[in-house]
Amino acid sequence: MKKIGLAGLVLAGSMTAASANTIHLTYLGPSHGFESINYSTLGISGIADGSHAGVAGEFQLSSPELGSLVAYCVDLANTISGNTSYTYEYDATLFTSDVVDNLDRLFTQHYADVVDSVTSAALQVLVWEMVYDTGALDLSSGAFVLNSGGAVATTASAWLSSLTNDSGDYNLVFLESDTDSQDLVTIDPVPVPAAGLLMLAGLGAFGAVAGRRKTA
């Protein structure tokens, strides 16, 4: 099995438009633009230990089931290429309850602050941190370390240090890639309409989500 991948999706159309469990997504390009970053990894399955260069930021997807999506690419080992269709299935067991709780707090408190390449990159960096560091959240140590400075690091660090327990502005729904692409987490403003609840049957209540962290 492949390693965890994750992206935060905000639906530009209605999430309740999907009626089947299979979702098809096509990468269209950046939304706010990307920021170059440098990060280090340690003990993360699928990627070598050490320093890596990459980009962080919001990008756009298209889905015949869901319409236009805005997403965060956060998988450190796998990639999404343009003009390629990827297939996903709903998966409520993709992450542990601790990871879900942290992501819930992050999107509740800071998704509305994403307005440009710096803020979208900062949010993406923090998703990486929350997925791969299961202990204390600290961008300077652990399995994922942000080596870059500048505005992205300043913003991400400020958001992380100011996180409170406020949560619940979004329902998180996890999508597992049927190929070696990136697994995803979609978000939808609460409350979820009745049609949406029917579509998500089997995922369980958001507060009760608990699962395993996928490894390669």
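This report describes the aromatic pairs and nonpolar cores of a predicted model.

**Aromatic pairs**

The model holds six aromatic pairs. In one of them, the ring centres of Y27 and F59 lie 5.3 Å apart and the planes meet at 75°; because an angle over 60 degrees counts as edge-to-face, this pair is edge-to-face. Y27 belongs to strand β2 and F59 to strand β5, so the contact between the rings ties together parts separated by 32 residues in sequence. Both rings belong to buried residues, as the table shows.

| Residue | Strand | Relative accessible area |
|---|---|---|
| Y27 | β2 (residues 22–30) | 18% |
| F59 | β5 (residues 58–63) | 2% |

Elsewhere, one aromatic cluster is formed by Y39, W128 and F144.

**Nonpolar cores**

The largest nonpolar core comprises 42 residues, and within this core V125 and W128 touch the most other members. At least two residues each are supplied by the strands β3 (35–41), β6 (67–72), β8 (144–146) and β9 (170–177), and likewise by the helices α1 (97–110), α2 (117–132) and α3 (150–161). Helix α2 provides the largest share, with 11 residues.

W128 therefore appears both in the aromatic cluster and among the two residues that touch the most other members of the largest core. When neighbours within four places in sequence are set aside, W128 is in contact with I37, V55, A56, V74, D75, L76 and F144. Of these, F144 is also a member of the aromatic cluster.

A second core, separate from the largest, has 15 residues; among them are I23, F59, Y86 and Y88. F59 thus takes part in the edge-to-face pair with Y27 and in this second core.

How values were computed:
Residues are numbered from 1 along each chain as its sequence is written. This is a predicted model: local features need pLDDT of at least 70, side-chain atom pairs count only at pLDDT 80 or more; totals for chains, interfaces and linings use all residues. Side-chain values use heavy atoms; hydrogens and water are left out. Rings of Phe, Tyr and Trp (its six-membered ring) pair if their centres lie within 6.5 Å; planes under 30 degrees apart count as stacked, over 60 as edge-to-face and the rest as tilted. Helices (H or I, at least four residues) and strands (E, at least two) are DSSP runs, numbered from the N terminus. Buried means under 20% relative accessible area, exposed over 50%, partly exposed in between (1.4 Å probe, protein chains only). A nonpolar core is a set of buried Ala, Val, Leu, Ile, Met, Phe, Trp, Tyr and Cys residues joined through side-chain atoms within 4.5 Å. Contact means heavy atoms within 4.5 Å.
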